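I opened the model to look up a few features by eye and by number, and I keep the entries below in the order in which I looked.

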Amino acid sequence: MSAVPLSSRCAGVPAFKVMELLKAAAKKDAQLEASGAPAGERVIHLEIGQPSTGAPAAVKAAAIHAVGADRLAYTAATGIAPLRTAIASHYMTLYGVEVLPDEVVVTTGSSGSFVVAFLAAFDAGQRVALATPGYPPYRNILRTLGVEVVELHVGPEDNWQPTALLLEEAIKTGGPIHG
C-alpha cells in the first residue's frame, strides 16, 4: 500500500511489470556471467526496447563537446531547431515525405511523448482500439487519461495484427472507435 494516496485515475492501472522482468533477466545474466558462460549462451535482453548498441561516436563526441562548453540548459519544449530541421530533412531524404521542422517534436523518451500525443488526439470517454497482446504502457496511459481501451485480441493466425473484421466487431458491439 502506498503511503501517499493515489488519484482515482490510477485505480486499476496495473504496474509496468517489465521492470520486474528486467531485474530478473539482469540477475540471471549476472549468474551466467559469474559461472563463465560464454556471451552467446547468456540472456538476450528484449524486455524493454532498450537499444542494443551504444550511441554512435559522433553523438558521444557532440555530448562531450556540449558538456565541455557548458551548453547544458533547458531547450525549447519541442527540441532545438537544428535537430528538428535535421529530422525533417531525414524524412524527405529517406522517405520522400515533406515534414516541416515546426511539425517535429523532440522528446527525451517515448513515454512522455505518448502522453502528449494521446492528450492531443483523444478526449476522456472516447474509445481507442489496441492489439492485445501489445505494449502495456499504451493501455495504461490511455486508461489513466479516461479513454476506454478496446482490446482487439490477436494471435499468430492474424500475424499479431488487428484485422478489419476485429475492428468491425468492436464497433458493432460497443460503438464508434476514435483511434
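**Pocket**

I began with the largest pocket of this predicted model, and I find that about 680 Å³ of space lies in it. Of the 18 residues lining the largest pocket, I note that Arg71, Thr75, Ile80, Leu83 and Val106 are the closest to its centre. When I asked where the largest share of the lining comes from, I found helix α2 (residues 57-68), which gives six residues. Sorting the lining by class, I get 12 nonpolar, five polar and one charged residues.

**Helix α3**

I then checked the length of helix α3 (residues 81-95), whose 15 residues should span 21 Å at 1.5 Å a residue, and the C-alpha atoms at its ends are indeed 21 Å apart, so the two values agree. Just after α3, I see that glycine 96 takes a positive phi of about 70°.

**Strands and crossover**

Next I followed strand β1 (residues 127-132) and strand β2 (residues 148-153), which run parallel and are joined by six bridges. In this pairing I find arginine 127 opposite glutamate 148 of β2. Together with helix α5 (residues 136-144), β1 and β2 make a right-handed β-α-β unit.

**Isoleucine 141**

Within helix α5 I picked out isoleucine 141 and asked whether isoleucine 141 is buried or exposed. Its relative accessible area is 14%, and because the cut-off for buried is under 20%, I enter isoleucine 141 as buried. I also note that isoleucine 141 and valine 13 lie 128 residues apart in sequence, while their C-alpha atoms are 8.5 Å apart in space.

Note on methods
Residues numbered from 1 in each chain as written. Predicted model: local features only at pLDDT ≥ 70, side-chain atom pairs only at ≥ 80, totals over all residues. Heavy atoms only, no water. Pairing = 2+ DSSP bridges. Helix = DSSP H or I, 4+ residues; strand = E, 2+ residues; numbered from the N terminus. Right-handed = clockwise from strand over helix to strand, strands pointing away. Expected span 1.5 Å × (residues − 1). 1 Å grid on protein atoms, 1.4 Å probe; cavity = no way out; pocket = protein on both sides within 12 Å on 5 of 7 lines; lining within 4 Å. Points joined across faces, edges and corners; volume = space filled by probe spheres on them. Nonpolar A, V, L, I, M, F, W, Y, C, P; charged D, E, K, R; others polar. Buried < 20%, exposed > 50% of the residue type's maximum accessible area, 1.4 Å probe, protein only.
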